[in-house]
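Student: Could you walk me through how to read a few features in a model like this one? I would like the general idea each time, and then the case at hand.

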Amino acid sequence: MPKVQVVNMQGAAVGEIELSDNMFGITPNVHVLHSAVVSQLASERRGTQSALLRGEVRGGGRKPWRQKGTGRARSGSTRSPLWRGGGVIFAPKPRKYGFKLPKKVRRLALYSALSSKVLEQQLIVLDTLSLSEVKTREIVKVLKALNVDKKAIIVMDNADEAVLRSARNIEGVKAMDVAGMNIVDLLHHDILVMTKAAVTKAEEVLA
């Protein structure tokens, strides 16, 4: 089992924690990670683009000129895609781009992302993280004590409103609970800060 040092909010070591091999100790699967990222980003696409087909454009019911004798190309409607103001040949329509991956694949992707943080020594485990009031500078002070000067994601066992609101104004920092963990955020942020309770809950809920 991989072991990680546990620190307090002042950055001082207070012990160690053994992490689950299945969740934090596997070899990251790059292909599965890529598939999970593509799936999540595709699901977030709005897909609201729309254009009119020739049958949906108003007007054009009358033939512009007779079939023969004018010297011009024959034409049946001013709403042809060849005409200005006409329809679009293969018009885009509202659609969903998202696709679902099997549950085991999604879980493997999450395990791979967490394991990569351990392998790259980008996981910091806090004994506790709590604030008496909403103060952005308190989170800044904690991150500074942990020597975090890169993009960081903070994961707690339960959503702490004071921490969530204190962290949301810091550029490059995102806070969430265990249920909100996702592949894109884990890979986008350089440092993963988890509370000890969050690690325990993740091993119970996501196992």
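Student: Let's start with helix H4: what covers its buried residues?

Tutor: Keep in mind that this is a predicted model. The cover over the buried residues of H4 includes strand S4 (152–156), helix H5 (161–167) and strand S5 (173–177).

Student: Which residues of H4 are buried?

Tutor: In H4, which spans residues 136–145, the buried ones are Ile 139, Val 142 and Leu 143. Looking down the axis of H4, you find its buried residues within an arc of 95°, so they line one face of the helix.

Student: And what is exposed on the other side of H4?

Tutor: There you meet Arg 137, Lys 141 and Lys 144, which are exposed. Just after H4, Asn 147 has a positive phi of about 60°.

Student: Now aromatic rings. How is a pair of them described?

Tutor: Two values do the job: the distance of the ring centres and the angle of the planes. Searching the whole structure turns up 1 aromatic pair. The partners are Trp 65 and Trp 83, with 5.8 Å centre to centre and 35° between the planes, a tilted arrangement.

Student: Why does the pair tie together parts that are apart in sequence?

Tutor: Both Trp 65 and Trp 83 lie in the loop between helix H2 (30–44) and H3, and the parts tied together by the pair are 18 residues apart in sequence. Trp 83 has a relative accessible area of 31%, so it counts as partly exposed.

Student: Which charged residues lie over a ring face?

Tutor: Arg 72 lies over the face of Trp 65, 3.8 Å from the ring centre. Arg 45 lies over the face of Tyr 97, and here the distance to the ring centre is 3.6 Å.

Student: Let's turn to one residue, Ser 112. Is it buried or exposed?

Tutor: Its relative accessibility is 0%, so Ser 112 counts as buried. Ser 112 belongs to helix H3, residues 103–119.

Student: What does the side chain of Ser 112 reach?

Tutor: The side chain of Ser 112 comes to 3.1 Å from the backbone nitrogen of Asn 29. If you set aside neighbours within four places in sequence, Ser 112 is in contact with Ile 26, Thr 27, Pro 28, Asn 29 and Leu 33.

Student: Finally, how is the chain divided into domains?

Tutor: The domain assignment gives domain 1 as 3–46 + 101–206 and domain 2 as 48–94. Taken over C-alpha atoms, the centres of domain 1 and domain 2 are 55 Å apart.

How values were computed:
Residues are numbered from 1 along each chain as its sequence is written. This is a predicted model: local features need pLDDT of at least 70, side-chain atom pairs count only at pLDDT 80 or more; totals for chains, interfaces and linings use all residues. Side-chain values use heavy atoms; hydrogens and water are left out. Helices (H or I, at least four residues) and strands (E, at least two) are DSSP runs, numbered from the N terminus. Buried means under 20% relative accessible area, exposed over 50%, partly exposed in between (1.4 Å probe, protein chains only). A polar contact is a pair of N or O atoms within 3.5 Å; within protein, one must be able to donate a hydrogen and the other to accept it, and residues adjacent in sequence count only if both atoms are side-chain atoms. Contact means heavy atoms within 4.5 Å. Rings of Phe, Tyr and Trp (its six-membered ring) pair if their centres lie within 6.5 Å; planes under 30 degrees apart count as stacked, over 60 as edge-to-face and the rest as tilted. A charge sits over a ring if NZ of Lys or CZ of Arg is within 6 Å of the ring centre and within 35 degrees of the ring normal. Domain bounds come from an automatic or database domain assignment. The arc is that of the directions from the helix axis to the C-beta atoms.
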